[in-house]
Amino acid sequence: MKTILSYPISILYYLCFGLVLLIFHPIQWICFNVFGYQTHKKSVDYLNFFLLRCLNVLGTRITFENEQKFDKDVPHIIVANHQSPYDIPPISWYLREIHPKFISKKELGKGIPSISYNLSHGGSILIDRKNPRQSLPEIKKFAQYLLDTNRAAVIFPEGTRTKDGAPKEFSPTGLKMLFKFCPEAVVVPVTINNSWQIVKRGQFPLSLGVHLKCKVQPTLKVSDYSTEELIEKVEHIITRDIKNT
């Protein structure tokens, strides 16, 4: 019965999801072009709030555990495992106080209402993963942006999403660049569980009643560790709490 219900409920979810993206696209444009960054950022915050409410249509429960206090006078680097596209709205909404900005693949920069606009205008960067000559200078500029603004980078070092929740080995290149050029930053490890279950049958139908869990782990100062030691420590902290069931 649950599988049968997942078909009409998934259709309803996608209708709600698409409507939210279409509504917030002009709202973002007006906020950015008329009122500037802070107002645009607020519009993106509430875009992600409503994207989370769309997930509730599927019966998705979201638990976001965070006991950390953030110093808004330093930049942050949010590092998380990556299980599905549904990892992004919880991080964006629940960590909105530190202004999360994403390192995303360039393909997401065009064609998706609201999402592409935010990635292109909200402080995130779009990189070509197949072209280090393009991506590494962009990450360097991004690190300088973080230092100048004390905002937060979000990076998924696994690169591609896992299909069964099991963690993949971290790719260190992006982390090394951020740590090197943003030595004043604080690393915020985040462990994500069960996000993959929403799309375990693909994009349609989506699974119902998933309990998506995110846990913000204790923060680490970049300056307290060597780059290799920090990458290893962050990976261990994140992956030790992943439950791929």
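Is Phe32 buried, partly exposed or exposed, and what relative accessibility does Phe32 have? In this predicted model, Phe32 has 29% relative accessibility and therefore counts as partly exposed, where buried means under 20% relative accessible area, exposed means over 50%, and partly exposed lies in between (1.4 Å probe, protein chains only). The model is a predicted one, in which local features need pLDDT of at least 70 and side-chain atom pairs count only at pLDDT 80 or more, whereas totals for chains, interfaces and linings use all residues. Residues are numbered from 1 along each chain as its sequence is written, and side-chain values use heavy atoms, with hydrogens and water left out.

The protein contains eight helices and eight strands, these being DSSP runs numbered from the N terminus, with helices (H or I) of at least four residues and strands (E) of at least two. For 245 residues, a compact globule would have a radius of gyration near 18 Å, and the value of 18 Å found for the protein agrees with this; the radius is taken over C-alpha atoms, and the globule rule is 2.2 Å times the number of residues to the power 0.38. Along the principal axes, the C-alpha atoms fill a box of roughly 55 × 45 × 35 Å. Of the 245 residues, 48% are buried, and the accessible surface comes to about 12200 Å², with 56% of this belonging to carbon and sulfur atoms, as given by the Shrake-Rupley method with a 1.4 Å probe. Among contacts (heavy atoms within 4.5 Å) between residues at least 6 apart in sequence, 75% join residues at least 24 apart.

The largest nonpolar core has 36 residues, of which Leu55, Ile78, Tyr86, Ile91, Leu95, Val190 and Ile198 touch the most other members; such a core is a set of buried Ala, Val, Leu, Ile, Met, Phe, Trp, Tyr and Cys residues joined through side-chain atoms within 4.5 Å. Two or more residues each are given to this core by α1 (2–35), α2 (37–57), β1 (61–65), β2, α3 (88–94), β5 (152–155), β6 and β7 (211–216), and α2 gives the most, with five residues. Apart from this core lies another, of 26 residues, among them Val79, Ile125, Ile155 and Phe179. When residues up to four places away in sequence are not counted, Tyr86 touches Tyr13, Tyr14, Leu55, Ser195, Ile198, Val199, Gln203, Leu206 and Leu212.

Helix α8 (residues 227–239) has 13 residues, which at 1.5 Å a residue should span 18 Å, and its end C-alpha atoms are indeed 18 Å apart; the expected span is 1.5 Å times one less than the number of residues. The buried residues of α8 are Leu230, Ile231, Val234, Ile237 and Ile238. Seen down the helix axis, these buried residues fall within an arc of 135 degrees, so they line one face of α8, the arc being that of the directions from the axis to the C-beta atoms. They pack against β2 (76–80), α6 (173–181), β6 (186–193) and β8 (220–221), whereas Glu228 and Glu232 are exposed on the other side of α8.

Helix α1 includes residues in contrasting settings. Lys2, found in α1, counts as exposed at 52% relative accessibility, and its C-alpha atom lies 7.3 Å from that of Leu208, although the two residues are 206 residues apart in sequence. Gln28, also placed in α1, counts as buried at 0% relative accessibility. With residues up to four places away in sequence left out, Gln28 touches His40, Ser43, Val44, Leu47, Ser114, Tyr117 and Asn118. Phe32 is likewise found in α1 and, under that restriction on sequence neighbours, touches His40, Tyr117 and His121. The C-alpha atoms of Phe32 and Lys105, 73 residues apart along the chain, are separated by 22 Å.

Some features of the backbone remain to be described. Most residues other than glycine have a negative phi, and most peptide bonds are trans. Ser114, in the loop between β3 and α4 (115–121), has a positive phi of about 70 degrees although it is not a glycine, and at 0% relative accessibility Ser114 counts as buried. His99 lies in the loop between α3 and β3 (100–105), has a positive phi near 60 degrees, and is buried, with a relative accessible area of 17%. A cis peptide bond, with omega about -10 degrees, joins Phe204 and Pro205, and Pro205 lies in the loop between α7 (195–198) and β7.
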